[in-house]
Amino acid sequence: MFKSAIIGLLSMMAVLLLPQMAKAEYADVVINNYSDAAGMRPAVFPHWYHRIRFRCKVCHADLGFEFKAGGNKITMAKIIDGQFCGACHNGEISWSVENCGMCHSGIPGTPTSIHGSTVQRLVAPTYKALDGKSKPK
Ligand code: HEC
Ligand code: HEC
Ligand code: HEC
């Protein structure tokens, strides 16, 4: 009796927590504190793409990324100095910083925000197949 109540409670908690966790893990982050003002397209950070390659701890503890879209005051000087994205995008762990357009691929004017979800990612390839040009975002 007691045991089944605990199991019931736990599965209720799982149902309540899962959608929020999925959002945190899978969405792309558009980072635009400075880009627009500097005449660059906003930077796009594909969270899921990185998440499958690294543990949360690598970025959010070791590299010091705050858990907040736009919360890190990232500049190119810091990236070139090996901080933030530059800890990996240095031509060793991953491709280097001269590939401007790989990161600065946001639509001009998009504010700092979180885009996409697991559902959109799963659905987008179908659209792509249909019209041959939509890009999953
Ligand atoms: C690995 C990803 C990445 C690459 C590659 C990259 N950037 Fe950035 N860049 C960022 C991020 C993230 C920001 C912070 C965006 C913001 O808050 O607007 C940024 C900010 C900027 C800014 C505004 C802030 C500042 O430091 O002046 C400019 C201008 C800029 N980048 C130019 C470039 C140019 C030019 C290149 C290619 C030579 C480049 N970036 C390559 C990720 C990248
Ligand atoms: C490769 C680096 C990297 C890894 C791995 C990573 N993150 Fe992030 N995370 C970031 C960056 C970069 C941002 C955006 C920060 C910014 O805009 O300045 C971010 C933003 C976030 C945010 C705030 C935005 C949102 O989507 O709600 C949360 C929450 C978050 N991460 C959770 C996680 C969790 C949980 C994991 C592991 C399952 C994880 N991250 C793994 C780099 C990473
Ligand atoms: C912990 C290491 C790490 C950090 C930090 C990191 N990246 Fe990456 N990133 C990678 C690796 C590894 C790849 C896969 C490409 C490869 O194998 O070289 C990648 C790929 C990408 C891609 C290509 C995605 C695609 O669909 O092809 C983009 C865009 C990108 N990173 C942007 C960023 C931005 C913006 C930041 C900082 C906000 C960042 N990354 C921080 C390791 C990292």
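Author: A polar contact is a pair of N or O atoms within 3.5 Å; within protein, one must be able to donate a hydrogen and the other to accept it, and residues adjacent in sequence count only if both atoms are side-chain atoms. The model is predicted: local features need pLDDT of at least 70, side-chain atom pairs count only at pLDDT 80 or more, and totals for chains, interfaces and linings use all residues. Residues are numbered from 1 along each chain as its sequence is written, chains are lettered from A and ligands numbered from 1 in written order, and side-chain values use heavy atoms, without hydrogens and water.

Reader: Which side chain lies 2.6 Å from an oxygen atom of ligand 2?
Author: Two histidines go to nitrogen atoms of ligand 2. His47 places a polar side-chain atom 2.8 Å from one, and His60 does so at 2.7 Å. The oxygen atom is approached at 2.6 Å by a polar side-chain atom of Asn72.

Reader: Which residues are the protein donors of the iron atom of ligand 2?
Author: Donors are N, O and S atoms within 2.8 Å of the metal (3.2 Å for Na, K and Ca). One partner sits in helix 2 and the other in helix 3, 13 residues apart. Their NE2 atoms lie 1.9 to 2.1 Å from the iron atom, and they belong to His47 and His60.

Reader: What is the arrangement around the iron atom of ligand 1?
Author: Met76 (SD) and His104 (NE2) are its protein donors, 2.0 to 2.2 Å away. Met76 lies in helix 4 (residues 76–80), and His104 in the loop between helix 5 (100–103) and strand 3 (113–115). Because the six donor atoms subtend angles of 87 to 178 degrees, the arrangement is octahedral (opposite donors over 155 degrees apart, all others between 65 and 115).

Reader: How many residues apart in sequence are the parts tied together by His50 and His89?
Author: Both residues give NE2 to the iron atom of ligand 3, at 2.0 Å. His50 lies in helix 2 and His89 in the loop between helix 4 and helix 5, so the pair ties together parts whose separation in sequence, in residues, is 39.

Reader: Is His104 buried or exposed?
Author: Buried means under 20% relative accessible area, exposed over 50%, partly exposed in between. Met76, at 37%, is partly exposed, as is His60 at 23%. His89 is at 14%, so His89 counts as buried. His104 has a relative accessible area of 15%, so His104 is buried.

Technical notes:
Tetrahedral: all angles 85-135°; square planar, octahedral: opposite > 155°, others 65-115°. Helix = DSSP H or I, 4+ residues; strand = E, 2+ residues; numbered from the N terminus. Buried < 20%, exposed > 50% of the residue type's maximum accessible area, 1.4 Å probe, protein only.
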